[in-house]
Amino acid sequence: MKFANWTRNLSPSAMQKSLEVDNFSEYISFALGLPDETTLPAEFCSSIKFTQQNLQYSPTSHLLKTHITEIMKMRGVICKEEEIFITSGAQQGIGLMTKLLCNVRDNIIVENLTYPGFIQAVQTLNVNLISISTNYDTGIDLEELETKIKSLNKKPAFIYIVADGSNPTGNSLTIKKRQQLIGIALKYDVPILEDDPYGLLYYEQNYPALKSFSSNNVCYVGSFSKVIAPSLRVGWIVIPSKLIKKLSILKESFDINTQTLSQKVVLEFLEKNKFETHLKNIRSLYRRKRNLMVDAIMHHLQDKVILHKPNNGICLWIRFDKQMNSKEILIKAVKNKLLFIPGNDFNISNNLEIAANCARLNFSHCKLENIDKGIKILSTIIP
């Protein structure tokens with residue numbers, strides 16, 4: 001059987017590789033970006049009665065879109081129902097927007113350390129990824145961004161960015177930097193694709209979404225995966241209403257627009273629960289877990305690593321000594337039943353040394369009592 005040429009470059013993501021570990025329950029895992037299982041509404045879902053009508057082909061719920069307009073207000077964005085497009089998770093939203101905005105051999109601007117799921121979404125499109133340096137604390141290098149845009153022969157199709165709790169580094173752009181980024185994008189007429197899985201998961205500062213600064217130039221992708229349940233696969237896009245029909249045609253080619261059962265589950269959850277209270281509870285738990293991991297790192301690792309504490313999201317970023325390689329450390333960690341993601345698994349640049357001594361540690365999924373244990377194991381591995 002002959003396969004298309006683009007499949008040669010396909011490789012499993014860090015998440016896929018982590019899930020392949022034998023007897024996963026034996027490990028302390030800081031690897032996967034999963035929610036805490038106690039936050040998942042299992043009891044609520046088990047009480048829902050599914051009717052024959054719910055199992056039939058059906059249109060997207062307008063009531064769900066109404067709820068999303070209220071959720072977008074939490075992100076500082078005022079939008080209408082006709083500007084909201086429901087997707088089967090944020091990953092589908094990213095894929096659909098990429099196909100909508102890109103042609104073959106277009107340029108896409110992305111940070112040199114970025115979410116692997118985005119790379120997978122564009123692998124099949126034969127596009128050029130233009131990487132921009134990332135500061136582990138402050139995010140994308142805007143001076144380099146503008147210089148790069150000016151140097152390109154062809155205007156970029158869009159800029160992809162996670163402005164809050166960036167995956168993997170966990171940084172969030174300041175208000176000033178958001179304004180500057182929007183200014184550059186408008187100056188050169190380059191759209192921004194804002195991936196916002198962690199905007200509602202903030203721990204000190206609640207920054208408004210990039211979309212709030214420019215309603216027409218920013219395409220927003222949101223998701224319920226980290227704040228309700230990943231397996232329901234419900235997300236949304238906020239874009240100008242004139243583009244909704246094109247998105248609908250694209251989506252129909254993938255799933256006939258039939259992922260409505262999960263949408264009804266999410267809607268019923270939003271109808272019967274106070275979502276803001278639910279979010280506060282999740283933020284409280286994750287803040288506690290984040291702080292526990294920070295304290296454990298400060299206690300057990302002290303001067304062995306440099307820690308970058310996140311304001312948003314579910315992961316933090318650490319740097320080992322420059323002479324160390326995080327993939328070699330991971331090999332030793334696995335033998336000690338500990339998992340994490342090496343920094344270079346997120347590196348898309350040609351410079352393989354950029355994050356070779358870095359690692360992403362997830363704090364949301366691990367049990368509270370295992371956080372200190374896991375960091376202590378890591379401390380015994382590092383010389």
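Colleague: Before we turn to single residues of this predicted model, what does partly exposed mean?

Modeller: Buried means under 20% relative accessible area and exposed means over 50%, with partly exposed in between. Asn126, with a relative accessible area of 45%, is therefore partly exposed, and Arg233 falls into that class at 30%.

Colleague: How should I read the backbone of Asn126, and what is its phi?

Modeller: Most residues other than glycine have a negative phi. Asn126, although not a glycine, has a positive phi of about 55 degrees, and this residue lies in the loop between helix 5 (116–122) and strand 4 (128–132). Arg233 likewise has a positive phi, near 55 degrees, without being glycine, and its place is in the loop between strand 9 (218–223) and strand 10 (235–238).

Colleague: Turning to the interior, how many cavities of 30 Å³ or more does the structure hold?

Modeller: Rolling a probe the size of a water molecule over the atoms shows where empty space is left. In this structure there are three cavities of 30 Å³ or more, and the largest cavity has a volume of about 70 Å³.

Colleague: Which residues line the largest cavity, and of what character are they?

Modeller: Its lining includes Ile71, Arg75, Asp196, Tyr220 and Trp236, and the lining residues divide into seven nonpolar, three polar and two charged. Strand 9 supplies the largest share of that lining, three residues.

Colleague: And what lines the second largest cavity?

Modeller: The second largest cavity, with about 50 Å³ of space, is lined by residues including Gly165, Asn167, Tyr198, Asn312 and Cys315, and its lining divides into four nonpolar, six polar and no charged residues.

Terms used. Residues numbered from 1 in each chain as written. Predicted model: local features only at pLDDT ≥ 70, side-chain atom pairs only at ≥ 80, totals over all residues. Heavy atoms only, no water. Helix = DSSP H or I, 4+ residues; strand = E, 2+ residues; numbered from the N terminus. Buried < 20%, exposed > 50% of the residue type's maximum accessible area, 1.4 Å probe, protein only. 1 Å grid on protein atoms, 1.4 Å probe; cavity = no way out; pocket = protein on both sides within 12 Å on 5 of 7 lines; lining within 4 Å. Points joined across faces, edges and corners; volume = space filled by probe spheres on them. Nonpolar A, V, L, I, M, F, W, Y, C, P; charged D, E, K, R; others polar.
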